[in-house]
Amino acid sequence: MNSLKTQTRVRWIELEGKKVLLMEFAGAPVAESLQMIVDFDREMQGRAPASVMMLTDVTGAQYDPSIARQWKEARNRHDAVVRVSAMAGLSGLVGIAIRSFIEVRRFLGMSASNEPKVFERIEDAREWLGRQ
């Protein structure tokens, strides 16, 4: 898949004067979601520790084990780079998978200050990030 299409789903936005990496998994097909994770990896390369604010929208996203596995691996690789993170739209199997991932990290003692804050609505997540 050409990453040109997914570049609009993985992009930098500004919230209250702060640069935030937006990941829009909302409604993305599996192949596009997998490419977004590759794009995320590329965006995070060379970033300073605790320098990235992140917003992930999974509203209506499809659950697929390959997406869950690759996202977990990518997020773990770049954990030190993320200063603060918010997720919105958690429901269905995607919500269960993401909440499980967060709980497993806590259980293993991998919980960090950059653990995603979970919101039902993207608007609430944006507002919260803008205040950080």
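The exercises below work through the sheet and the helices of a predicted model.

**Exercise 1.** Give the strand order of the sheet and state which strands stand at its edges.

Solution.
- Step 1. The sheet is open and consists of 5 strands in the order 1-2-3-4-5, with mixed pairing.
- Step 2. Strand 1 and strand 5 each have a single partner strand, so they stand at the edges and one side of each has no neighbour in the sheet.
- Step 3. From one strand to the next, the twist averages 25°.
- Step 4. Helix 2 packs on this sheet and touches strand 1, strand 2, strand 3 and strand 4. The direction of helix 2 makes about 160° with that of strand 2.

**Exercise 2.** Determine whether strand 1 and strand 2 run parallel or antiparallel, and describe the hairpin they form.

Solution.
- Step 1. Strand 1 covers residues 10-15 and strand 2 covers residues 18-24; 6 bridges join them, and they run antiparallel.
- Step 2. One position in this pairing is arginine 11, which stands opposite leucine 22 in strand 2.
- Step 3. The hairpin has 2 residues between the strands, and glutamate 16 takes a positive phi near 50° there.

**Exercise 3.** Trace the pairings of strand 3 on both sides and the helices that link the strands.

Solution.
- Step 1. Strand 2 and strand 3 run parallel and are joined by 5 bridges. In this pairing, methionine 23 stands opposite threonine 56 of strand 3.
- Step 2. Strand 3 also runs parallel to strand 4, through 6 bridges. Methionine 53 stands opposite valine 84 in strand 4, and the bridge partner of methionine 54 is serine 85.
- Step 3. Helix 2 (residues 30-44) forms a right-handed β-α-β unit with strand 2 and strand 3.
- Step 4. A right-handed β-α-β unit is also made by strand 3, helix 3 (residues 65-77) and strand 4.

**Exercise 4.** Decide whether the residues of strand 3 are buried or exposed, taking buried as under 20% relative accessible area.

Solution.
- Step 1. In a regular strand, side chains alternate between the two faces of the sheet.
- Step 2. Val52, Met54 and Thr56 point one way from strand 3, while Met53, Leu55 and Asp57 point the other way.
- Step 3. Both sets are buried, which agrees with the count of 6 buried residues out of 6 in strand 3.

**Exercise 5.** List the buried residues of helix 5 and the strands they pack against.

Solution.
- Step 1. In helix 5 (residues 122-130), the buried residues are Ile122, Ala125, Trp128, Leu129 and Gly130.
- Step 2. These buried residues pack against strand 1, strand 2, strand 3 (52-57), strand 4 (82-88) and strand 5 (117-119).

Technical notes
Residues are numbered from 1 along each chain as its sequence is written. This is a predicted model: local features need pLDDT of at least 70, side-chain atom pairs count only at pLDDT 80 or more; totals for chains, interfaces and linings use all residues. Side-chain values use heavy atoms; hydrogens and water are left out. Two strands pair if DSSP finds at least two bridges between them. Helices (H or I, at least four residues) and strands (E, at least two) are DSSP runs, numbered from the N terminus. Buried means under 20% relative accessible area, exposed over 50%, partly exposed in between (1.4 Å probe, protein chains only). Contact means heavy atoms within 4.5 Å. A crossover is right-handed if, with the strands pointing away from the viewer, the path from the first strand over the helix to the second runs clockwise. Axes are lines fitted to C-alpha atoms, for helices over the stretch in contact, and angles run from 0 to 180 degrees between N-to-C directions.
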